[in-house]
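I opened a new page for this model and set out to note what I looked up, entry by entry.

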Amino acid sequence: MDKKRHISIIGSTGSIGTQALEVIDKLRDKFEIIALAGGNNVELLKLQAEKFKPKYIYAAKPVSVSGVKTLESLDEIAENRENDIILVACSGKIGLKPTLKAIENGIDIALANKETLVMAGDIVMKKAKECGVKIIPVDSEHCAIHQCIKDISQVDKLIITASGGPFLHKTIDEIKNATVEQTLKHPRWNMGKKITVDSATLMNKGLEIIEAHHLFGFDYDDIEVVIHPQSIVHSAIEYKDGSVIAQLGLPSMHIPIQYAITYPDRFEGIKSRSFSFSEIARLDFEKPDFEKFPTVKLAYQAGKTGGTATVCLNAANEEAVFAFLAGKIKLYQIYEITKKIYDGHEAVKNPSVDEIFEVDEAVREKTRQYINKLI
Ligand SMILES: NC(=O)c1ccc[n+]([C@@H]2O[C@H](COP(=O)([O-])OP(=O)(O)OC[C@H]3O[C@@H](n4cnc5c(N)ncnc54)[C@H](OP(=O)(O)O)[C@@H]3O)[C@@H](O)[C@H]2O)c1
């Protein structure tokens, strides 16, 4: 980075967004912030704007900060060619449209928002290729794979690690009766609520398989999931000759966030302490139990079906997660409801962006109605 990188963050008030600002705070001479955007937490957005002095801010609610222009939409950020890179760190489907718009404007993307690829991976990756735009993954597993790959044509298999979440060694009955509080206590990562619930059901891993398929162009049969409770090996690849390259590091999202926004350069930045194998002492691996965590199988099925199958999977799961967080359903019902809705969905092949949003809305409505009948 021989000159300051101009960056905007969509979702600056969330878990990824705030950690990204911690990284940028350590690398002030490397970045100039163009825009910060959040949803409802306007108090935090204001504090961020006062500290980091972006040119623009956007929030889903009215917001104003003296000396900073308030934008009307996320599109205005995505269209602004002052940006070299945009970190898309919002949750849910709102990430898709600005990501596409930024790509059309030739702006590189650091992508945390996995829903963008789960909903429209084919469209997003094709457009990025056409526009010569880099999509650099922030998700720690995909960031790990990105770091391991030198020549993708020589790679046979992707190996995605999963911590297994808080219920890894619990019985099915314990999982069925898990409370919201137990579910939100992730043993390794401190993340937003939606992704934390997905980590407990392992749907997060399912979504990551779909994300990996699009980012790296691998068949689903060549993407393997392995449970690794310590979250030190963030993922690996196997080359044709049997050589396996893995990326390791302490479990901190600062590292993949920094990698994505400074790529291809590396800086000390926010590194908290040096890595020590002897401190880690042991690394365990085991096969995922698809009986206890059937969400992964469902995600493979949706990914292989393609088209709107993954849109349906994502939307039904998200609505079910919201219902769980609201205390309306039990944890295991998230899978049962998602499967029920998924089984009733007829996938549309090669959908347009409008069709994707139509299916998303229809599936959400159907899922909400189904949940309301259950409770
Ligand atoms: N957290 C992690 O460690 C992690 C790891 C890998 C991938 N991811 C992915 O990264 C994404 C973000 O996750 P997270 O854990 O950071 O979620 P989060 O903590 O819930 O943050 C979500 C962010 O999106 C913002 N937002 C919501 N509605 C918005 C709107 N209409 N316009 C603009 N911004 C809006 C929120 O703003 P307000 O808070 O102001 O409402 C917040 O800044 C997800 O797709 C997740 O799967 C997260």
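How many bridges join E1 to strand E2, and do they run parallel or antiparallel? I counted 6 bridges between E1 and E2 (residues 31-37), and the two strands run parallel. I also looked up one pair: Arg-5 stands opposite Phe-31 in E2. I note here that the model is predicted.

**Entry: the open sheet**

I traced the sheet that holds this pair. It is an open sheet of 7 strands with parallel pairing, and its order reads E4-E3-E2-E1-E5-E6-E7. Strand E4 (69-70) and strand E7 (135-137) stand at the edges. Each has a single partner strand, so one side of each has no neighbour in the sheet.

**Entry: the whole protein**

I stepped back to the overall fold. I found 16 helices and 11 strands in the protein. The radius of gyration is 20 Å, and the globule rule gives 21 Å for 375 residues, so the protein is as compact as a globular protein of that length. The C-alpha atoms fill a box of roughly 55 × 50 × 40 Å along the principal axes. I looked up burial next: 46% of the 375 residues count as buried. Then I checked contacts between residues at least 6 apart in sequence; 69% of these join residues at least 24 apart.

**Entry: the ligand shell**

Which residues are closest to the ligand? I found Gly-14, Gly-39, Asn-41, Met-191 and Gly-192, out of 29 residues that surround the ligand. I sorted the shell by type and got 13 nonpolar, 13 polar and 3 charged residues. Helix H1 (residues 15-26) gives the largest share of the shell, with 3 residues.

**Entry: the nonpolar core**

I moved on to the largest nonpolar core, which has 104 residues. The members that touch the most other members are Ile-10, Ala-20, Ala-37, Ile-86, Leu-87 and Cys-312. Helix H14 (residues 309-325) supplies the largest share of this core, 10 residues.

I then listed the contacts of Ile-10, leaving out neighbours within four places in sequence. Among them are Ala-37, Ile-86 and Leu-87, which also stand in the list of best-connected core members. Ile-10 is in contact with Leu-74, Ile-77, Val-88, Ala-89, Cys-90, Gly-95 and Pro-98 as well.

**Entry: helix H4**

Pro-98 led me to helix H4 (residues 96-104). Which residues of H4 are buried? I found Leu-96, Pro-98, Thr-99, Leu-100, Ala-102 and Ile-103. I looked up what covers these buried residues. The cover includes strands E1 (5-10), E5 (85-88) and E6 (108-111). It also includes helices H3 (74-78), H5 (115-131) and H16 (353-374). After H4 comes Gly-106, with a positive phi near 75°.

**Entry: Asp-108 and Glu-82**

Is Asp-108 buried or exposed? I placed Asp-108 in strand E6. Asp-108 has 23 C-beta neighbours inside 10 Å, so it counts as buried, since the cut-off is 20 or more. Beyond four places in sequence, Asp-108 touches Asp-84, Ile-85, Val-133 and Lys-134. I also took one separation: Asp-108 and Gly-242 are 134 residues apart in sequence and 33 Å apart, C-alpha to C-alpha.

I set Glu-82 beside this. Glu-82 lies in the loop between H3 and E5. It has 13 other C-beta atoms within 10 Å and is therefore partly exposed. Glu-82 touches His-6 and Ile-34, again leaving out residues up to four places away in sequence. From Glu-82 to Thr-116 is 34 residues along the chain, and their C-alpha atoms are separated by 23 Å.

**Entry: strands around E8**

I finished with strand E8 (residues 155-162). E8 is joined to strand E10 (residues 233-239) by 4 bridges, and the two run antiparallel. Here Ile-159 has Ala-236 in E10 as its bridge partner. E8 is also joined to strand E9 (residues 223-227), by 5 bridges, and this pair runs parallel. In E9, Val-225 stands opposite Ile-160, and Val-226 stands opposite Thr-161.

Which side chains of E9 point to the buried face? I found Ile-223, Val-225 and Ile-227 pointing to one face, and they are buried. Glu-224 and Val-226 point to the other face and are not buried. In a regular strand, side chains alternate between the two faces of the sheet.

Terms used: Residues are numbered from 1 along each chain as its sequence is written. This is a predicted model: local features need pLDDT of at least 70, side-chain atom pairs count only at pLDDT 80 or more; totals for chains, interfaces and linings use all residues. A residue is near a molecule or strand if its C-beta atom, placed from the backbone, lies within 6 Å of it. Ala, Val, Leu, Ile, Met, Phe, Trp, Tyr, Cys and Pro count as nonpolar, Asp, Glu, Lys and Arg as charged, and the others, Gly among them, as polar. The radius of gyration is taken over C-alpha atoms; the globule rule is 2.2 Å times the number of residues to the power 0.38. A residue is buried if 20 or more other C-beta atoms lie within 10 Å of its own, exposed if 12 or fewer, and partly exposed in between; C-beta atoms are placed from the backbone. Two residues are in contact if their C-beta atoms, placed from the backbone, lie within 7 Å. Two strands pair if DSSP finds at least two bridges between them. A nonpolar core is a set of buried Ala, Val, Leu, Ile, Met, Phe, Trp, Tyr and Cys residues joined through C-beta atoms within 7 Å.
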